[in-house]
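Please open the structure in your viewer and keep the selection panel at hand. The tour below proceeds stop by stop, stating what to select and what is found there.

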Amino acid sequence: MAATVMTSARRRVASLMLVGVALAAAAAIVTAGLVAVILGGSVSSSSSAGCIPQDITDRVAAMTAGPVNVPGFSSAQLDSARVIVETGRSLDVPDYGLVIAVAVAIQESSLTNIGHGDVAGPDSRGLFQQRAPWGSLADRLDPEQAATMFFTGGHGGQPGLLDIVGWQKMQLGEAAQSVQRSADPLGLWYELHEPVARSLVEKYGGSPVNCALAAELITGDVVLPIHRGAYVLTARWGQRGPRWASGYHTGLDFAAPAGTPIYSIADGQVSSAGMAGPYGNRTMVHGTDGNDLWYCHQSRLEVHTGEQVTAGQLIGFVGSTGNVTGPHLHLEVHLDGGPDSDPAVYLKARGVIP
Ligand SMILES: [Zn+2]
């Protein structure tokens, strides 16, 4: 185990040295010819601890001769960072996700809304240098749309940051690379911009990012119960109406064709699986985080009582058993086994937007 860690660390350091040379060149290009608006101050090495390992932070600091200085940005570049932060916040993205997005945009475009590509991606455009399959040219060149796609995915089904299982616990480079899939396999280019990105997120109202705290709040990886693009939300939790026996809707409805696969949204153990009156074929999972998750109206159940399940595991298929008007998954969340609560809130709190 220790040997693996050492090897990995050595590989990262070696890569960083190569990146360092190129970074100096890139920094010269970025700063040349721009009207510098100094953000002020520098990021001390103590405040940059957290998201990236200390050895990487130290290397970055050493390469740039002391504390990492926040480089000058034009008002247009600062405005790009502001749009990314505000767009992310409107989607309830945790601060660490905002830092990742800003770091990616610094690397990809120097926070400049680029209307041309490069050798690696001749069709890449915009703040995130998204390629043609991601969306229309207009969308990729619209900072708000481009940022939204970075967080929630491309229009061609490309995963966004929030679709990446466990992104909150990844190092910045790995999380960024899971979305960007650039030529840099370890995502170190992105990671080098982390201190600057954090400064920008804080400048636009984010709280100082404490990744250790964020990791603590995330008690398990959580995923969508049905692949994005394969469902439509048809009824929210808390909606009122005569359709529901309790007078209000106790779950979140994902309408999808009968037979669409349903995945466990979290790790846990199946506490019950079978017919349950108006709920139809229902699987109840007692999550490792102590919360109960119900999957209702299934056409077919794929797991049995007592079975352990992991987030993303197939547990059944969409159907229309029980009291329904059409095929859909009715998802219920019972925090700590208590009364039903809003599944959308549960998912968003864990970095997943339904
Ligand atoms: Zn429902």
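How many helices and strands are there in the protein chain? Display the chain as a cartoon: there are 11 helices and 12 strands. Please bear in mind that this is a predicted model.

**The whole chain**

Select the entire protein chain, which has 354 residues, 48% of them buried. With the surface switched on, the chain exposes about 15,700 Å², and carbon and sulfur atoms supply 58% of that area. Among contacts between residues at least 6 apart in sequence, 60% join residues at least 24 apart.

**The zinc ion**

Next, select the zinc ion together with H249, D253 and H330. The protein donors are NE2 of H249, two OD atoms of D253, and ND1 of H330, at 1.9 to 2.7 Å from the zinc ion. Along the chain, these donors follow the spacing H-x3-D-x76-H. Why is the arrangement around the zinc ion irregular? The 4 donor atoms subtend angles of 53 to 159°, which makes it so; four donors count as tetrahedral only if all angles lie between 85 and 135 degrees. Colour the donor residues by accessibility: H249 is buried, because its relative accessibility is 0%, and D253 is also buried, at 3%.

**Helix α7**

Now select residues 172–180, which form helix α7. Because 8 of its 9 residues are buried, this helix is largely enclosed by the rest of the structure. The buried residues include L172, G173, A175 and A176, and also Q177, S178, V179 and Q180. To see what covers them, add α4 (95–109), α6 (143–152), α8 (188–192) and α9 (194–203), which are among the covering elements. Just after α7, select R181, which takes a positive phi of about 50°.

**The nonpolar cores**

Show side chains for I84, I100, F128, F150, F151 and L200. Within the largest nonpolar core, of 42 residues, these touch the most other members. Helices α3 (75–90), α4, α6, α7 and α9 each supply at least two residues of this core, and α4 gives the most, with 10 residues. Centre the view on I100: leaving aside neighbours within four places in sequence, I100 is in contact with F150, L161, W167, L172, A175 and A176. Then move to a second, separate core of 25 residues, which includes A266, L293, V309 and A344.

**V93, in a loop**

Select V93, in the loop between α3 and α4. Is V93 buried or exposed? V93 counts as buried because its relative accessibility is 6%, and buried means under 20%. Apart from residues up to four places away in sequence, V93 touches G88, L98, F151 and L162. Add V352 to the selection: V93 and V352 are 259 residues apart in sequence, yet their C-alpha atoms are 8.8 Å apart in space.

**Two further residues with positive phi**

Most residues other than glycine have a negative phi. Select S110, found in the loop between α4 and α5 (137–140); although S110 is not a glycine, its phi is positive, about 55°. Finally, select H297 in strand β8 (residues 292–301). H297 also has a positive phi, near 70°, and it is buried, with a relative accessible area of 5%.

Methods. Residues are numbered from 1 along each chain as its sequence is written. This is a predicted model: local features need pLDDT of at least 70, side-chain atom pairs count only at pLDDT 80 or more; totals for chains, interfaces and linings use all residues. Side-chain values use heavy atoms; hydrogens and water are left out. Donors are N, O and S atoms within 2.8 Å of the metal (3.2 Å for Na, K and Ca); water is not among the atoms, so sites may look incomplete. Four donors count as tetrahedral if all angles lie between 85 and 135 degrees; four count as square planar and six as octahedral if opposite donors are over 155 degrees apart and all others between 65 and 115; anything else is irregular. Buried means under 20% relative accessible area, exposed over 50%, partly exposed in between (1.4 Å probe, protein chains only). Helices (H or I, at least four residues) and strands (E, at least two) are DSSP runs, numbered from the N terminus. Contact means heavy atoms within 4.5 Å. Accessible areas come from the Shrake-Rupley method with a 1.4 Å probe; for residues, only the protein chains shown count as cover. A nonpolar core is a set of buried Ala, Val, Leu, Ile, Met, Phe, Trp, Tyr and Cys residues joined through side-chain atoms within 4.5 Å.
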